[in-house]
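Welcome, and thanks for taking a look at this structure with us. Let us walk through its strands and then its ligand site.

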Amino acid sequence: MKAQLLDGKATAADIRRELAERVAKLTAAGGRPPGLGTVLVGDDPGSHTYVSGKHRDCAQVGIASLRRELPADATQRQVEDVIDELNADPACTGYIVQLPLPRHLDANAVLERMDPAKDADGLHPVNLGRLVLGVEAPLPCTPRGIVELLRRYEVPLAGARVCVIGRGITVGRPIGLLLTRRSENATVTLCHTGTKGLAWHVREADIVVAAAGSPGLITKEMLRPGAAVLDVGITRTDNGLVGDVHPEAAQAAGWLAPMPGGVGPMTRAMLLANVVEAAERNANSV
Ligand SMILES: Nc1nc(=O)c2c([nH]1)NC[C@@H]1CN(c3ccc(C(=O)N[C@@H](CCC(=O)O)C(=O)O)cc3)C=[N+]21
């Protein structure tokens, strides 16, 4: 039996259509269109591709684009000046700082300087804190995209055993906070490079979120037959992009969000959703 596809590409396209209608409503009322800012430092080709994709998505939905690019040797001061500028710019509804930043820069200081109300990534410490507290705030895009994908395909979450592999700030750390809310009610185990007996933990899981960045880490033999498997790993190799889930794992999985075409497009769609929601909040507060 082959796994049912969790089609992130098609689902993201549906979400963009829904968001385009909400943007049209905002602008029909005479408001200015929402604007997404991106701050890109350096010339990592992967980062450039991602940022360009985000602006293409914006154009489709009616969100204006504000691109800010700095050279790889930009100083902390120069990056923070751009942050201050976007915080003050009324045309910028929300923005992201593309990660990772070059190593000589202090990424945490940059993130803390952002206006939390303009944090389209949900990665500002105040917003991560609100997530812990259960206070409404922009949510981290990849975890939100994963939950949305599972919901739309009606993968059972309540009581499900979820195994997350990877403790990164954008995915592994925050996703447990979303999935263990009362509204989702899953039970989450967070595995990482220090985990003993990874295969055992994966085998217990109804849902596996592979976000370690380790090519082919999750094999068919590790999976509980019928498990939902979401491949969030992306490793650039000479043979193109490789995910964390071994290609043969599809034979054991009940559902599969592949890479590409799974969680990546959902991440981008949730970024747009965070911006549209921020614009709606602004419209309601004037
Ligand atoms: N501040 C910040 N926010 C981020 O959300 C963020 C970041 N920094 N840094 C890098 C990672 C990575 N990331 C991806 C988003 C979409 C795809 C995506 O759409 N992938 C396509 C394939 C893309 C391709 O072919 O290159 C897919 O999976 O189908 C991939 C990766 C967001 N990130």
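Two strands are said to pair if DSSP finds at least two bridges between them. Helices (H or I, at least four residues) and strands (E, at least two) are DSSP runs, numbered from the N terminus. What you see is a predicted model, in which local features need pLDDT of at least 70 and side-chain atom pairs count only at pLDDT 80 or more, while totals for chains, interfaces and linings use all residues. Residues are numbered from 1 along each chain as its sequence is written.

**Strands**

A good place to start is an open sheet of three strands, in the order β3-β2-β4 with parallel pairing. β3 (64-70) and β4 are its edge strands, each pairing on one side only. From one strand to the next, the twist averages 15 degrees; axes here are lines fitted to C-alpha atoms, for helices over the stretch in contact, and angles run from 0 to 180 degrees between N-to-C directions. Helix α2 packs on this sheet and touches β2 and β3, with its direction at about 170 degrees to that of β2. Contact between two residues means that their C-beta atoms, placed from the backbone, lie within 7 Å.

Further along, strand β7 (residues 207-210) is covered on both faces: I207 and V209 on one side, V208 and A210 on the other, are all buried. A buried residue has 20 or more other C-beta atoms within 10 Å of its own, with C-beta atoms placed from the backbone. β7 pairs with β5 and with β8.

Here are the parallel pairs with their bridges and one partner pair from each:

| Strands | Bridges | Bridge partners |
|---|---|---|
| β2 (35-41) and β3 | seven bridges | G37 and L66 |
| β5 (161-165) and β7 | four bridges | I165 and A210 |
| β7 and β8 (228-231) | four bridges | V208 and V229 |

**The ligand site**

Which residues are closest to the ligand? Of the 19 residues that surround the ligand, the closest are I96, L99, P260, G264 and T267. Residues of this shell count as near if the C-beta atom, placed from the backbone, lies within 6 Å of the molecule.

At least two shell residues come from each of α2 (45-61), β4 (94-97) and α9 (263-284). α9 gives the largest share, four residues. By type, the shell has 10 nonpolar, seven polar and two charged residues; Ala, Val, Leu, Ile, Met, Phe, Trp, Tyr, Cys and Pro count as nonpolar, Asp, Glu, Lys and Arg as charged, and the others, Gly among them, as polar.

Where does the ligand lie with respect to the domains? Domain 1 (30-118) and domain 2 (141-263) both give residues to the shell, so the ligand lies between them. The domain bounds come from an automatic or database domain assignment.

Technical notes. Buried ≥ 20, exposed ≤ 12 C-beta atoms within 10 Å, placed from the backbone.
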